[in-house]
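Please open the model in your viewer and keep the sequence alongside, as this tour moves from one selection to the next. Each stop says what to select and then what is to be found there.

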Amino acid sequence: MPPVTGLKTVLSKIHGYGVVTTRKYLAGEILLYGDGVLWQESDDFDDTYALALPSYETAVNGVEGPNVYWDLTCQGRWINHSCNPNTEVDCHWEPNSKNPIAWWFAKRDIAAGEELTYDYAFSAALAEPCFCSEQNCRGVIADDEELHLVPEKYKHLIKESFRFRRQ
Ligand SMILES: C[S@@+](CC[C@H](N)C(=O)[O-])C[C@H]1O[C@@H](n2cnc3c(N)ncnc32)[C@H](O)[C@@H]1O
Ligand SMILES: [Zn+2]
């Protein structure tokens, strides 16, 4: 898949490869539409590059179904996590094909050369150490509502200000 105009995949200061901008973006601007292969929670697949999406049922009927996983094949595959992200992902479902349409948009103005990030908000069981280096870094890549459920081996990484918020 050709690189998206305005974005470049590079070696990241956060982790491995990452995506930076080659021009300025304004708050609200769409940076990238996603593409990928859909997997169900019960499938055996590599979730390293998968974006968790609310199910078609959740999006269309408001009846919460299990998340589905979109194994990204687009440049979004390389976008790292930050606890103070500059983008967010939004998703709609195409009613006829029942395929997701998802896009990254700027949460604030983004300067040329900035690395793109979004909040992975992993469930606690999937938590990993976070190297985003932001002032409000949680210490782990995990949903801030689930920090109290993070596995014992990573509990010590959770920054003081996020500890004991919930029991
Ligand atoms: C979708 S990949 C992102 C691309 C990744 N940098 C690479 O080169 O493969 C997601 C994985 O990157 C790593 N990662 C992303 N953001 C991170 C962060 N803020 N701190 C530490 N690792 C991060 C984690 O291992 C995570 O499971
Ligand atoms: Zn962080």
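A residue is near a molecule if its C-beta atom, placed from the backbone, lies within 6 Å of that molecule. With that cut-off in mind, and remembering that this is a predicted model, select ligand 1 and the 18 residues around it, of which His15, Gly16, Tyr17, Asn80 and His81 come nearest. Colour this shell by class, and 8 nonpolar, 8 polar and 2 charged residues should appear. Now add the strands to the view: β2 (17–21) and β7 (80–81) each supply at least two residues of the shell around ligand 1. Colouring by domain shows that the shell draws at least three residues from domain 1 (7–120) and at least three from domain 2 (122–167).

Next, zoom out to the whole protein chain, which has 2 helices and 12 strands. Followed along the sequence, the elements of the protein chain give the pattern β-β-β-β-β-α-β-β-β-β-β-β-β-α. Taken along the principal axes, the box filled by the C-alpha atoms of the protein chain is roughly 45 × 40 × 25 Å. The radius of gyration of the protein chain is 16 Å, which agrees with the value near 15 Å that a compact globule of 167 residues would have. If you colour by burial, 25% of the 167 residues in the protein chain are buried.

For the next stop, select β3, β9 and β8, the 3 strands that form an open sheet in the order β3-β9-β8 with antiparallel pairing. The edge strands are β3 (30–33) and β8 (87–94), each of which pairs on one side only. Neighbouring strands of this sheet are turned by 25 degrees against each other on average, direction ignored.

Which strand pairs with β3 over 3 bridges? Strand β9 (residues 99–106) does so, in the antiparallel sense; here Tyr33 has Trp103 as its bridge partner, while Ile30 stands opposite Phe105. Turning to the other edge, β8 and β9 pair in the antiparallel sense over 8 bridges, and Phe105 is the bridge partner of Glu88. Follow the chain between β8 and β9 to see their hairpin, where 4 residues lie between the strands and Lys98 in the turn has a positive phi of about 55 degrees.

Finally, show the side chains of β9. In a regular strand the side chains alternate between the two faces of the sheet. The covered face of β9 holds Pro100, Ala102, Trp104 and Ala106, whereas Asn99, Ile101, Trp103 and Phe105 belong to the uncovered face.

Methods
Residues numbered from 1 in each chain as written. Chains lettered and ligands numbered in written order. Predicted model: local features only at pLDDT ≥ 70, side-chain atom pairs only at ≥ 80, totals over all residues. Nonpolar A, V, L, I, M, F, W, Y, C, P; charged D, E, K, R; others polar. Domains from an automatic or database assignment. Pairing = 2+ DSSP bridges. Axes fitted to C-alpha atoms, helices over the stretch in contact; angles between N-to-C directions. Rg over C-alpha atoms; globule rule 2.2 N^0.38 Å. Buried ≥ 20, exposed ≤ 12 C-beta atoms within 10 Å, placed from the backbone.
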